[in-house]
Amino acid sequence: MKLIIFDLDGTLLDTLQDLGDSCNAILEQHGYPTHPLVAYKKFVGNGVQKLIERALPEEARTAETITVLLGAFKSYYEQKPVSHTRPYPGIVSLLQELKSLGYLISVASNKYHEAVIPLMQQYFPDIPFDLVLGHRAGHPAKPDPAIVLDSLETLGVNKQNCLYVGDSSVDMDTANNAGVTAIGVTWGFRDEDELRQHGAKYIINTPRELLNITATTQI
């Protein structure tokens with residue numbers, strides 16, 4: 001079997017404004033300065049706890065404060081209407097075509113698992129993903145390769161038959177740490193230089209370019 005693992009935020013879904021709006025709302029509620037939306041491109045990628053830590057002023061980054069704001073963020077984000085989140089153009093048709101070609105497709109995200117599932121149900125209701133994993137308590141976050149290795153084991157796929165697609169250095173490091181092929185996308189939250197510096201084997205600028213890779217690589 002052949003498997004393509006996708007990151008979620010910045011790869012399949014453009015979630016930046018809803019993440020930024022939610023974090024700014026929590027910061028404002030607790031008396032901390034907020035940030036322009038573009039700043040969140042650098043804040044996201046390592047999970048919500050790290051997002052909160054990066055958004056806080058350095059002197060406020062205590063374990064207690066991060067814990068309080070983390071709980072507040074999750075509550076706010078889960079109840080907030082996701083008015084701006086949407087799949088990137090061409091993603092849904094790409095996923096449909098990959099399934100029609102017989103590929104297994106899965107998600108491996110650093111977003112906490114409880115938030116990943118409703119997003120998948122809302123935005124990809126007709127796409128039969130073979131596995132969806134967010135960050136789970138007791139499991140290491142990316143770039144630790146555990147989530148990729150868990151996916152391979154669960155789906156019974158060898159490393160050489162797997163492509164990993166993501167938009168950040170975290171994703172490229174995750175793929176390389178797991179020993180699978182790293183594909184960087186330029187439509188997400190980070191730039192091409194970062195992807196190349198962190199070992200992207202391929203760079204794609206549109207979702208359909210992934211089909212060119214699947215057609216020419218022996219996975």
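**From a covered strand to the faces of the helices**

Strand β5, which spans residues 131-135, is mostly covered, as four of its five residues are buried. The structure described here is a predicted model. The partner of β5 is strand β4, residues 104-112, and these two strands pair in the parallel sense over four bridges. At one of the positions where they meet, Ala 108 has Leu 133 in β5 as its bridge partner. Between the two strands the chain passes through helix α6, residues 113-123, and this β-α-β crossover from β4 to β5 is right-handed.

Strand β4 also contains Lys 111. Is the residue Lys 111 buried or exposed? Lys 111 counts as buried because its relative accessible area is 6%, and the limit for a buried residue is under 20%. If neighbours within four places in sequence are set aside, Lys 111 is in contact with Leu 8, Asp 9, Leu 19, Tyr 77, Val 116, Leu 119, Gly 134 and His 135. A separation along the chain can also be set beside one in space: Lys 111 and Asp 191 are 80 residues apart in sequence, and their C-alpha atoms are separated by 20 Å.

The helices may be considered next, beginning with α3. Within this helix, residues 48-55, the buried residues include Val 48, Leu 51, Ile 52 and Ala 55. Why do they lie on the same side of α3? Around the helix axis they cover an arc of only 95°, and therefore they share that side. The buried residues of α3 are covered by elements that include α1 (16-29), α2 (40-43), α4 (63-79) and the strand β4.

A similar description can be given for helix α10, residues 209-216, where Leu 210, Leu 211, Ile 213 and Thr 214 are buried. Viewed down the axis of α10, the buried residues fall within an arc of 155°, so they line one face of the helix. Turned away from this buried side is a face that carries Ala 215 and Thr 216, both exposed. What do the buried residues of α10 pack against? Their surroundings are formed by β1 (3-6), α5 (91-100), β6 (162-166), β7 (181-185) and β8 (202-204).

Aromatic rings offer another view of the interior. The count of aromatic pairs comes to three. One of them joins Phe 73 and Tyr 77, whose ring centres are 5.5 Å apart and whose planes meet at 15°, so the pair is stacked; planes under 30 degrees apart count as stacked. Both residues belong to helix α4, where they are four residues apart, or about one turn of the helix. Phe 73 is buried because its relative accessibility is 0%, and Tyr 77 is likewise buried, with a relative accessible area of 5%.

Another aromatic pair, formed by Phe 124 and Phe 129, is edge-to-face. Here the distance from centre to centre is 5.9 Å, and the angle between the planes is 70°. Both rings belong to buried residues: the relative accessible area is 3% for Phe 124 and 17% for Phe 129.

A final ring is found beside a lysine. Lys 74 lies over the face of Tyr 112, at 4.6 Å from the ring centre.

Conventions
Residues are numbered from 1 along each chain as its sequence is written. This is a predicted model: local features need pLDDT of at least 70, side-chain atom pairs count only at pLDDT 80 or more; totals for chains, interfaces and linings use all residues. Side-chain values use heavy atoms; hydrogens and water are left out. Buried means under 20% relative accessible area, exposed over 50%, partly exposed in between (1.4 Å probe, protein chains only). Two strands pair if DSSP finds at least two bridges between them. A crossover is right-handed if, with the strands pointing away from the viewer, the path from the first strand over the helix to the second runs clockwise. The arc is that of the directions from the helix axis to the C-beta atoms. Contact means heavy atoms within 4.5 Å. Rings of Phe, Tyr and Trp (its six-membered ring) pair if their centres lie within 6.5 Å; planes under 30 degrees apart count as stacked, over 60 as edge-to-face and the rest as tilted. A charge sits over a ring if NZ of Lys or CZ of Arg is within 6 Å of the ring centre and within 35 degrees of the ring normal.
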